[in-house]
Amino acid sequence: MRIQTGQLVALGYGTYVRSDEVVAVQPITDGRGPGRRSLVWVRGISEPMVASRSEGAIVDDLTTPVEEAARMTAQRNALRRLIGVLDAISPGVRRILSEETDTDIDELLSESNRVLG
C-alpha cells in the first residue's frame, strides 16, 4: 500500500488533512460500532483528530491516486444512472428481455446495488 502524496483527505466535519501528513488511522470501536468513526494521527499534532468517516474510507483516500478516484466516481455515477433506467423498465418489457436475451433485470439491479454498497 502506497500513500499518495499531496492529496487532501476528508476526515468529515469539514476537516481535511494532507495525505502525506497522516501518520496512522485507528478505528473507534467503543460506543458507535466498528467502522463508524476513526482517530487520525497527523504529524505535528499531539492528539489524534476524530474523523466522522470510517478507517477504510480514509485509507482508500490516502492510497488511491486522484485520477483513479475520479474515474471510480464517474463509474459509480454511471452505474447509478443505469440502475435508474433499469428500475423504470416495466414488468412486461422485463419479461420480453428475459425471454429474448436471457437477461434478468431484477438480478442486474440486485448485483448493481450490491456493487455500490
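Helix 2 tucks away three buried residues, Leu79, Ile83 and Leu86 (buried means under 20% relative accessible area, exposed over 50%, with a 1.4 Å probe and protein chains only). Seen down the axis of helix 2, they fall within an arc of 65°, so they line one face of the helix (the arc is taken from the directions from the helix axis to the C-beta atoms). This is a predicted model, where local features need pLDDT of at least 70, side-chain atom pairs count only at pLDDT 80 or more, and totals for chains, interfaces and linings use all residues. Residues are numbered from 1 along each chain as its sequence is written, and side-chain values use heavy atoms, leaving out hydrogens and water.

**Around helix 2**
- The opposite face, turned away from the buried side of helix 2, carries the exposed residues Glu67, Arg81 and Val85.
- Helix 3 (91-101) and helix 4 are among what covers the buried residues of helix 2 (helices are DSSP runs of H or I with at least four residues, strands are E runs of at least two, both numbered from the N terminus).

**Ser112**
- Ser112 sits in helix 4 (residues 105-116), and it counts as buried at 11% relative accessibility.
- Leaving aside neighbours within four places in sequence, Ser112 is in contact with Leu79 and Ile83 (contact means heavy atoms within 4.5 Å).

**The cores**
- The largest nonpolar core has 10 residues, including Val9, Val40 and Leu62 (such a core is a set of buried Ala, Val, Leu, Ile, Met, Phe, Trp, Tyr and Cys residues joined through side-chain atoms within 4.5 Å).
- A second, separate core of 6 residues includes Leu79, Ile89, Ile105 and Leu109.
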